[in-house]
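Student: I am new to this structure and should like to learn how its features are read. May we go through them in turn?

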Number of protein chains: 2
Amino acid sequence: MDDNLHLNQHTSQKYNEELEDIRSRVLEMGGLVEAQCRKALKALVKSDIDLAEEVATSDYKVNDMEVAINARCTDILALRQPAASDLRVVVSIIRMAADLERIGDEAEKIGRLVKSLEKGRDRTTFRSETKHLGKSALSILNGALDAFARMDVAAAIATAAKDPEIDDEFEALTRLSITHMMEEPASVKSLLKVNWCARALERIGDHAVNICEEVVYLVKGSDVRHLSLSEIQERYL
Amino acid sequence: MDDNLHLNQHTSQKYNEELEDIRSRVLEMGGLVEAQCRKALKALVKSDIDLAEEVATSDYKVNDMEVAINARCTDILALRQPAASDLRVVVSIIRMAADLERIGDEAEKIGRLVKSLEKGRDRTTFRSETKHLGKSALSILNGALDAFARMDVAAAIATAAKDPEIDDEFEALTRLSITHMMEEPASVKSLLKVNWCARALERIGDHAVNICEEVVYLVKGSDVRHLSLSEIQERYL
């Protein structure tokens, strides 16, 4: 009996460690993805081609982490048969890792675009607007990962609430680009690339919002992914 | 003893039915998403604003299906504690539903963009190129869903192998757009919208490739999402 109890405790503690391990792996993956995004933005704003090259070629690390996290999650599902909130953690982590992987893809895309921008003034167009947009996107990503680390629903909702600002910034930047392209047709090609970078930043914000929604699901057990922000706030704050 | 046996059979049969049910729900969701994409493409090519409106406002059906499929999958994980290939089915279906939902988002985006295109010749620019790109994307989506329905690894790989053509078509269309914008600056705004539609079609192809990769994972048990096509072909064909 004592032995059994001991065994159970041991098993349970090991299980806790496994759950803790996938949680910390996601945070580690999040940290790597954040660093990739920061580098991508810096490469874009400073026209740093070496840094762009680095971002464009190191996405495989993020991909490897996603594959490893998925394998761990599937093992836990198979061997531990988690229930209730543990099950939500595992299912959420599978989806979060997919979002982080896609954020990594967007950073990689920015790296490739920056590399392809031509030297000279092309690289400086809309620098401050893009920088601002990028900082907003990074702040949402950081907030989302932080809300996940602390399992903080209020922080997750407050972070997601900032996304519409990014969309507005992106719209404004696009309108500016259009005007600029019309006035200066020779700039079309490079402005289009700058606009794609801005789109990638905006999508980073969208994926970060998905992570915020996973935090609400994790803690509250409700799938809020297709509710409006005001509905989420009304129900969970 | 007989009763137990009967109960077990019954339970197992019900479990089989549950697995069959989520599989058929994904196929149903796939059918709906395919229909949305077909309508979006038709709205774009025919400048059919009513159809565009329909596509832009009916994405909630796809979203509802994703939420329902996720809930079913989580229930099965909690109550049936699937192992081995059954577990792969459930985990894959969660990810596939996410891809289908994102394909639905892209169709919705095309609907909104078509609505915002101005009357007249704006709507006819690059019509045949976009139509061709759209047909390629739809064919990959159809092939992916078909490969899933038949659990056919060879078909999944053959379908995924067509994606680079779509990327090339998109690149070619973008180059054409750039030339056109430079020659006719007044067309910038609408050409940018047409290009975003083309980008959405290209992304539909990307998500369909993800579904193909899930089919390989489902049947073979290996995560192939970050392998190159030639690596996948070498290992699994």
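Student: Which residues of chain A does UniProt list for "domain: PhoU"?

Tutor: This is a predicted model. An annotation of this kind comes from a record, here an unreviewed UniProt entry, which lists residues 26–113 and 131–215 of chain A.

Student: What are the helix and strand shares of residues 26–113 of chain A?

Tutor: That span is 93% helix and 0% strand, with its end C-alpha atoms 27 Å apart. For residues 131–215 of chain A, the shares are 91% helix and 0% strand, and 28 Å lies between the end C-alpha atoms.

Student: How many helices and strands does chain A have?

Tutor: Chain A has nine helices and zero strands. Read from the N terminus, the order of elements is α-α-α-α-α-α-α-α-α.

Student: What box do the C-alpha atoms of chain A fill?

Tutor: Along the principal axes, the box is roughly 80 × 40 × 20 Å.

Student: How should I read burial and contacts?

Tutor: A residue counts as buried when its relative accessible area is under 20%. In chain A, 54% of the 237 residues meet that description. As for contacts between residues at least 6 apart in sequence, 83% join residues at least 24 apart.

Student: What is the accessible surface of chain A?

Tutor: The total is about 10500 Å², and carbon and sulfur atoms account for 50% of that area.

Student: How far apart are the mean positions of the positive and negative charges of chain A?

Tutor: Chain A has 32 positive and 42 negative charges, and their mean positions are 4 Å apart.

Technical notes. Residues are numbered from 1 along each chain as its sequence is written. Chains are lettered from A and ligands numbered from 1 in the order in which they are written. This is a predicted model: local features need pLDDT of at least 70, side-chain atom pairs count only at pLDDT 80 or more; totals for chains, interfaces and linings use all residues. Side-chain values use heavy atoms; hydrogens and water are left out. UniProt positions are given in the numbering used here, feature names are shortened, and annotations may be inferred rather than shown by experiment. Helices (H or I, at least four residues) and strands (E, at least two) are DSSP runs, numbered from the N terminus. Buried means under 20% relative accessible area, exposed over 50%, partly exposed in between (1.4 Å probe, protein chains only). Contact means heavy atoms within 4.5 Å. Accessible areas come from the Shrake-Rupley method with a 1.4 Å probe; for residues, only the protein chains shown count as cover. Lys and Arg count as positive and Asp and Glu as negative; His and the chain ends are not counted. The place of a charge is taken as NZ of Lys, CZ of Arg, CG of Asp or CD of Glu.
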